[in-house]
Every structure is written in C-alpha cells, then in structure tokens.
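Got the viewer open? Let's walk through this one stop at a time, with a selection to make at each.

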Amino acid sequence: MKRLVSLVLVGMSTFAFGQQMSVNDSLYNPLIPVNKQNLLKDFDLVFLMRYGLDSYVEKAKPTTSHFDGNELRIDISAKVHDRVGFRFRNRMTAAPTTGTLDHVNSTIDIAFIDVKATDKVNFTIGKLSSDWGGYEYDLNPIEVLAYNDILDHAENYMVGFGVGYKVTTKHRFNVQILNTSANKLKQEGTIAIPQGLEESKTPLAFVGNWRGSFWNDQFQTSYSYSYFSQAKNKGMYYIALGNKYQHKNLTWMYDFQYSHDALDKRGIISSMFQEEKPVMAEDVSYMDHWTRVDYQVYTKLYLSLTLMTSNAYAQHHVAGETENNHIRTSYGVSPMVQYRPFKNLNLRFYAAYISRWYQYSSYAREALGQVNSSTGRISIGFISPLQVL
C-alpha cells in the first residue's frame with residue numbers, strides 16, 4: 001500500500017513539473033512573438049457575407065428556389081509601419097482566372113499598399129478599386145442586391161497607382177492611373193474585337209475624383225471623370241455624379257452615370273446580335289440613374305428602397321436606319337426590410353424583392369430579334385461584415 005501511494009505521489013509530482021515546464025515554455029516562447037503582438041492592434045480581419053434563400057420569377061411565374069451564398073469576401077487590412085498600410089480583399093464566390101495583362105487572379109478585388117507621404121497626401125500602389133465616384137459603387141458589395149447596368153458590366157478593380165490630396169477635412173481629390181483592363185484587348189472573352197483594330201501600346205485609364213462634404217456632413221458628393229484608352233484612336237469617357245443626403249434617420253442617395261464607349265466592352269448592345277461570337281459594337285453610350293432611400297423606423301428595424309434605370313444608345317451601323325439611336329431601356333426596383341437584433345454586432349436579417357424590366361426599341365425587336373422581358377427575385381437571408389480581429 002505504501003509503495004502504491006509513493007508511486008502515485010511521484011507520478012503527480014512528475015505531471016506537475018511537466019505542466020510547469022509547459023507553462024513556462026509557452027510564456028517564454030509564445031506563438032506570436034512579443035515584439036510582433038502590438039501589430040495586432042492595427043490588424044483587421046473581416047468576413048463580408050450575404051447568404052439567403054432566393055426564389056426566382058420569370059414572366060410573372062415562379063421558376064426555382066434555392067439557397068445561395070451570394071457574397072463571401074475576406075477583407076484584411078493592416079498597418080505595417082507608421083506611414084505604410086496594406087489591404088487585401090478576396091472574393092470567394094467567383095471563378096478565378098488570371099489576367100493576361102496584369103497577371104493577377106480575378107477573384108482578388110484589391111491588394112495594395114497605402115503610403116502616407118504627409119498629413120494631406122497619400123499614395124496607393126497595387127490592385128485598386130477604381131475611384132469611379134457615385135454611392136452605388138461606394139456601398140459595400142454585400143449591401144447591393146442588384147447593380148445598375150453600367151456597374152454590373154464594368155471592370156471595377158484594376159492594377160495601377162493612385163494619389164490622394166486632402167484639401168481640408170471636408171474636401172478630397174483622388175487621381176488614379178490604372179490598366180484599362182485586366183486582360184489584353186484580343187483576350188476579352190466571348191465578344192470578338194472588330195477586324196483591323198490595333199491594340200493600344202499604352203492601355204491605361206485616368207480617373208479623377210472629388211469628394212466633398214457640406215452642411216455639417218449632411219450633404220456629400222462623390223464626382224468623377226475617367227478616360228480609358230481602349231485601342232488605337234479608341235477611348236471611353238465615363239462620368240459619375242454621386243449625391244448623398246443624410247439627416248437623422250433618413251439617408252438618400254442619387255447617382256447619375258454616363259459612359260461613351262468607342263468599343264462596347266460592356267457587351268450589352270453587342271450581345272444583341274445573334275452571331276455565335278458577337279463583335280464589339282462601336283460608338284455606343286450608356287446613361288444610368290440610380291437612387292436609394294434608407295430609413296430607420298425603430299432602433300432595430302430599417303426600410304430601404306432602390307430604384308434604377310439605364311438607357312443604351314447605339315450609333316452608326318447598329319441603329320443607322322432609325323432616326324433615334326436609343327436601343328434599350330432597363331428598369332429596376334428593390335424594396336428591402338432589415339432587422340438588426342444585436343446592439344453591438346452588425347448582423348442583419350433581411351427580406352427583399354428585386355425586379356428588373358427590359359424594353360427594346362422597334363429596331364432592336366425587328367432587326368435584332370430582341371424581346372421585352374422581366375425578371376424577379378425574392379431573397380430572404382442575412383447580411384453581415386463579421387469582424388473577427
């Protein structure tokens with residue numbers, strides 16, 4: 001019996017000594033070195049999520065219902081120096097392809113460094129979010145259930161360089177020089193380029209943006225002008241005028257966007273042709289109007305309404321036989337209810353209806369075989385930017 005007790009005591013002592021060594025080892029050799037732990041205070045890891053049950057309607061008839069992971073993006077930002085920061089955001093709900101021009105995976109939205117030169121000037125280098133202007137584009141992607149036509153058919157993230165200048169706390173100017181596209185023009189995908197077209201030797205985009213704030217930040221603006229070199233002697237001009245009014249429980253946003261494209265890389269008009277591989281139409285224009293109203297009814301209950309319309313105009317050979325070069329109009333409406341049950345967590349449960357109508361000119365219907373149509377979607381789910389760190 002005494003021998004058994006002695007063995008138990010020796011075993012307990014050995015276990016306790018081992019635990020003490022283990023604790024000491026963890027204290028002296030932490031997983032994250034002590035001199036690196038202060039970096040965590042400047043490190044953010046956010047999962048941008050929107051999941052739901054989507055039920056689709058076509059021609060006023062229900063078609064299918066299924067659960068959909070509409071949005072899942074991982075957003076990482078960190079401060080690596082007093083004047084240098086880094087940000088990376090990857091989209092997990094898209095098929096990855098490598099750009100033939102920038103050699104960056106297409107699922108990477110942004111990956112850049114931000115260098116603060118002075119208190120008023122900063123530089124950004126890497127894959128950037130094009131500073132189009134407008135509040136439809138500025139909204140977090142998880143907040144937008146359907147984009148208007150220009151943004152829905154645009155490349156919004158390109159590799160390049162940007163400089164920002166903060167004139168005052170109320171006004172800021174940004175200038176960017178970016179690649180026109182992630183891909184070389186001849187490798188754009190399903191739409192072929194016109195024969196004899198010569199690719200630009202400097203396929204670059206120039207973006208200028210002004211963000212202003214007035215009346216104690218109640219009214220804000222985000223205006224931009226952009227020029228893209230699409231090919232030799234072929235360019236795109238793009239204007240976005242974003243306006244935002246916020247007072248107490250009400251937020252109202254309105255965007256006007258206009259794009260004149262020497263080459264229809266968006267493909268909306270080009271895809272009207274019935275060829276197996278359509279050719280990019282030339283000299284086309286798009287004009288969009290978008291507005292959204294958000295209203296906080298109660299502490300946890302929010303109502304939203306989004307309205308939008310887009311007009312497409314074809315020039316010369318596309319609608320040359322008609323006096324009016326207007327060829328297509330789309331409309332959209334999206335009412336949404338959001339419920340936020342938690343005070344200190346941005347987790348929202350929502351129910352929304354997204355409806356779109358497409359109407360074509362007589363030329364598009366008769367010569368190109370287009371048919372007026374409509375779509376609808378009922379979506380019920382949750383939205384959240386879940387900040388893990």
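Start by colouring by pLDDT, since this is a predicted model. The chain average is 86, and 86% of the residues score at least 70. Now select residues 1-28: pLDDT stays under 50 here, and the model gives this stretch zero contacts beyond four places in sequence. Hide that stretch if you like and carry on with the rest.

**The whole chain**

Switch to cartoon and you'll have five helices and 16 strands to look at. Of the chain's 389 residues, 41% count as buried. Among contacts with a separation of 6 or more, 58% link residues 24 or more positions apart. Turn on the surface next: the accessible area comes to about 21700 Å², and carbon and sulfur atoms own 59% of that.

**Into the core**

Drop the surface and select W132, Y238, I269, Y286 and I327. Within the largest nonpolar core, which has 30 residues, these five touch the most other members. Strand β10 (residues 234-247) supplies the largest share of this core, three residues. Zoom in on Y238 and show what surrounds it. Leaving out residues up to four places away in sequence, Y238 touches W132, I150, L151, S224, Y225, S226, Q257, Y258 and S259. There is also a second, separate core, made of nine residues, with L145, M336, Y350 and A352 among them.

**Aromatic rings**

How many aromatic pairs does a search of the whole structure find? The count is 11. For one of them, select W132 and Y137: the pair is tilted, with 6.4 Å centre to centre and 50° between the planes. Buried or exposed, this W132? W132 is buried, because its relative accessible area is 3%. Y137 counts as buried too, at 11% relative accessibility.

Now jump to W215 and F219. Their ring centres are 5.5 Å apart and their planes sit at 35°, so this pair is tilted as well. W215 has 60% relative accessibility, so it counts as exposed. Add W210, F214 and Y223 to your selection, and you have one aromatic cluster together with W215 and F219.

**H289 on strand β12**

Next, select residues 282-296, which make up strand β12, and find H289 in it. With a relative accessibility of 27%, H289 counts as partly exposed. Show its surroundings: not counting residues up to four places away in sequence, H289 touches N148, Y254, D255, F256, L307, M308 and T309. Then draw a C-alpha to C-alpha distance from H289 to Y258: you should get 9.0 Å, across 31 residues of sequence.

**T329 on strand β14**

For the last stop, select residues 326-339, strand β14, and pick out T329. Why does T329 count as buried? Its relative accessibility is 7%, and the cut-off for buried is under 20%. Show side chains for T329 and H326, and you'll find a polar contact of 2.8 Å joining them. Then look farther along the sequence: with neighbours within four places set aside, T329 is in contact with T309, S310, N311, W357, Y358 and Q359. You've met T309 before, in the list of residues that H289 touches. Keep T309 selected and you can step back from T329 to H289 to retrace the tour.

Terms used: Residues are numbered from 1 along each chain as its sequence is written. This is a predicted model: local features need pLDDT of at least 70, side-chain atom pairs count only at pLDDT 80 or more; totals for chains, interfaces and linings use all residues. Side-chain values use heavy atoms; hydrogens and water are left out. pLDDT is the predictor's confidence in each residue, from 0 to 100. Contact means heavy atoms within 4.5 Å. Helices (H or I, at least four residues) and strands (E, at least two) are DSSP runs, numbered from the N terminus. Buried means under 20% relative accessible area, exposed over 50%, partly exposed in between (1.4 Å probe, protein chains only). A polar contact is a pair of N or O atoms within 3.5 Å; within protein, one must be able to donate a hydrogen and the other to accept it, and residues adjacent in sequence count only if both atoms are side-chain atoms. A nonpolar core is a set of buried Ala, Val, Leu, Ile, Met, Phe, Trp, Tyr and Cys residues joined through side-chain atoms within 4.5 Å. Accessible areas come from the Shrake-Rupley method with a 1.4 Å probe; for residues, only the protein chains shown count as cover. Rings of Phe, Tyr and Trp (its six-membered ring) pair if their centres lie within 6.5 Å; planes under 30 degrees apart count as stacked, over 60 as edge-to-face and the rest as tilted.
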